[in-house]
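Me: I'd like to go through this one with you, a question at a time. Here it is.

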Amino acid sequence: MPRPISLTIDSAAMTHNLGVVRQRLEQAAHALQRPAPYIWAVIKANAYGHGVQPAVQAFAQADGLAMLDFNEAIQCRELGWQKPILLLEGFFAADDLAAVQTHQLSVVLHHDEQLRQLAHCRPQQPIAAYLKINTGMNRLGFAGPDVAQAWARIQALQAQGVVRFLGAMTHFALADESRPVTLQQINAFNQLNPAPEAAFSVCNSAATLQTDLQAFLSANEQWVRPGICLYGASPFAEQSAASFDLRPAQTLEAEIISVQQVQAGQGVGYGHTFEATEALRIGVVACGYADGYPRHAPTGTPVVVAGQRSRLVGRISMDMLTIDLSGINQAGVGSKVVLWGRQGPSVDEVAQAAGTIGYELVTAVTPRVPRLLK
Ligand SMILES: *Cc1c(COP(=O)(O)O)cnc(C)c1O
């Protein structure tokens with residue numbers, strides 16, 4: 001018998017979420033009488049932990065897929081994905097350029113070193129490339145005066161048939177928190193963009209879900225890059241995924257494998273960080289930090305057991321965690337516990353309780369947890 005724990009991946013929910021994004025974009029664009037942006041479905045990190053294969057199927061209607069791992073990109077091609085694939089970090093070494101050509105991958109150019117490596121490349125077909133501009137995230141991209149220099153080199157590479165320039169990109173640092181900073185970044189982008197007539201790509205999930213999405217749209221060819229929202233989690237601390245009609249694509253479930261009766265004054269688990277103040281039934285659940293459940297989730301973190309909301313008590317162990325069964329008399333050994341996802345707490349609620357974000361939890365479920373495709 002396998003341990004009673006599973007991760008269910010709901011590809012219909014992923015398809016639905018892509019539809020939600022598409023509809024928002026079409027509505028906003030329609031109001032401005034502009035064409036709706038194209039969508040790169042971001043599937044980095046094994047499709048945010050959901051698996052590349054389900055993602056390729058679920059996002060069949062996306063206009064492209066974006067990621068950063070070559071193996072994942074090649075897997076998409078092997079699964080039959082024929083539309084564009086964008087490598088968000090470009091290539092890492094000159095050797096990578098063979099795979100870029102073989103699999104017709106588009107690359108983000110964000111660093112001088114890449115331009116140097118391209119200068120020695122003699123591709124049969126020019127390599128599709130985007131220029132990444134750093135407008136304040138200070139992670140990847142050319143900043144300030146370096147943009148013009150990079151642009152000159154890209155133009156030279158284009159003239160030599162090495163590169164086919166597609167457009168410019170930037171990435172927002174506070175799209176989920178601060179409008180003014182995001183607007184500053186857009187202004188910086190517009191000022192620095194050396195090819196304003198070409199395509200561009202700026203919006204992640206948070207920008208795509210903004211109420212005034214229209215502020216991010218332009219008359220030019222535009223690509224948005226939503227990630228987390230496609231998996232039914234929210235990029236915002238204060239707004240739930242459900243409020244955008246997004247559906248959770250990942251459900252982590254396990255079962256109660258033991259029940260303990262504790263008395264007032266008794267502690268539970270390592271460190272006795274939880275001490276019962278009254279007699280309590282405790283359910284021991286077959287899920288621990290070695291399954292990817294966050295060890296720092298405190299007492300009080302929500303769970304759903306036998307269809308009822310309850311809470312964690314005590315520390316998370318490697319293979320088990322403990323929950324409060326008071327008032328849930330029907331729950332016992334074999335009862336289903338939803339740690340997050342459908343019919344459970346949202347992954348964002350659990351993340352917030354644990355001091356992290358849904359992104360970290362959905363990508364952290366470990367390989368030992370069996371995946372079920374719904
Ligand atoms: C991860 C990533 C995205 C998607 O971000 P979400 O917040 O998940 O929507 C978009 N663009 C880049 C460059 C990224 O690295």
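Me: By class, how many nonpolar, polar and charged residues are in the shell around the ligand?

Reply: Keep in mind that this is a predicted model. There are 13 residues around the ligand, and Tyr counts as nonpolar here, Gly as polar. Sorted that way, the shell has 6 nonpolar, 4 polar and 3 charged residues.

Me: Which residues come nearest to the ligand?

Reply: A residue gets into this shell if one of its heavy atoms lies within 4 Å of the ligand. Of the 13 that do, the nearest are K44, Y48, S205, I228 and Y359.

Me: What is 2.8 Å from a polar backbone atom of I228?

Reply: I228 is one of the nearest residues to the ligand. The backbone of G227 also takes part, with a polar atom 2.8 Å from an oxygen of the ligand. For I228, too, the ligand's partner at 2.8 Å from the backbone is an oxygen atom.

Me: And which side chain has an N or O atom 3.5 Å from a nitrogen atom of the ligand?

Reply: Here we leave the backbone contacts of G227 and I228 and turn to a side chain. A polar contact needs N or O atoms within 3.5 Å, and the pair with the ligand nitrogen is at 3.5 Å. The side chain belongs to H171.

Me: How much of the ligand's accessible area does the protein cover?

Reply: On its own, the ligand has 390 Å² of accessible area. With the protein there, the covered share is 92%.

Me: What do strands 2-3-4-5-6-7-8-9 form?

Reply: Take strand 2 (residues 38–42) and strand 3 (residues 64–67), which pair in the parallel sense over 3 bridges, with A41 opposite L65. The pairing is parallel for the 8 strands in this run. They make a closed barrel.

Me: At what angle does helix 4 run to strand 4?

Reply: Helix 4 (residues 70–78) lies across strand 3 and strand 4, the latter being residues 85–87. Angles are taken between N-to-C directions. For helix 4 and strand 4, that comes to about 175 degrees.

Me: Which residue's backbone oxygen does the side chain of R22 reach?

Reply: R22 sits in helix 1 (residues 11–31). Beyond four places away in sequence, R22 touches P37, I39, Q61, A62 and D63. At 2.6 Å, the R22 side chain reaches the backbone oxygen of Q61.

Me: Which residue in the turn between strand 14 and strand 15 has a positive phi?

Reply: Strand 14 (residues 302–305) and strand 15 (residues 308–311) pair in the antiparallel sense over 4 bridges, and V303 has S310 as a bridge partner. The two strands form a hairpin with 2 residues between them. The one with a positive phi, about 45 degrees, is A306.

Methods
Residues are numbered from 1 along each chain as its sequence is written. This is a predicted model: local features need pLDDT of at least 70, side-chain atom pairs count only at pLDDT 80 or more; totals for chains, interfaces and linings use all residues. Side-chain values use heavy atoms; hydrogens and water are left out. A polar contact is a pair of N or O atoms within 3.5 Å; within protein, one must be able to donate a hydrogen and the other to accept it, and residues adjacent in sequence count only if both atoms are side-chain atoms. Accessible areas come from the Shrake-Rupley method with a 1.4 Å probe; for residues, only the protein chains shown count as cover. Two strands pair if DSSP finds at least two bridges between them. Contact means heavy atoms within 4.5 Å. Axes are lines fitted to C-alpha atoms, for helices over the stretch in contact, and angles run from 0 to 180 degrees between N-to-C directions.
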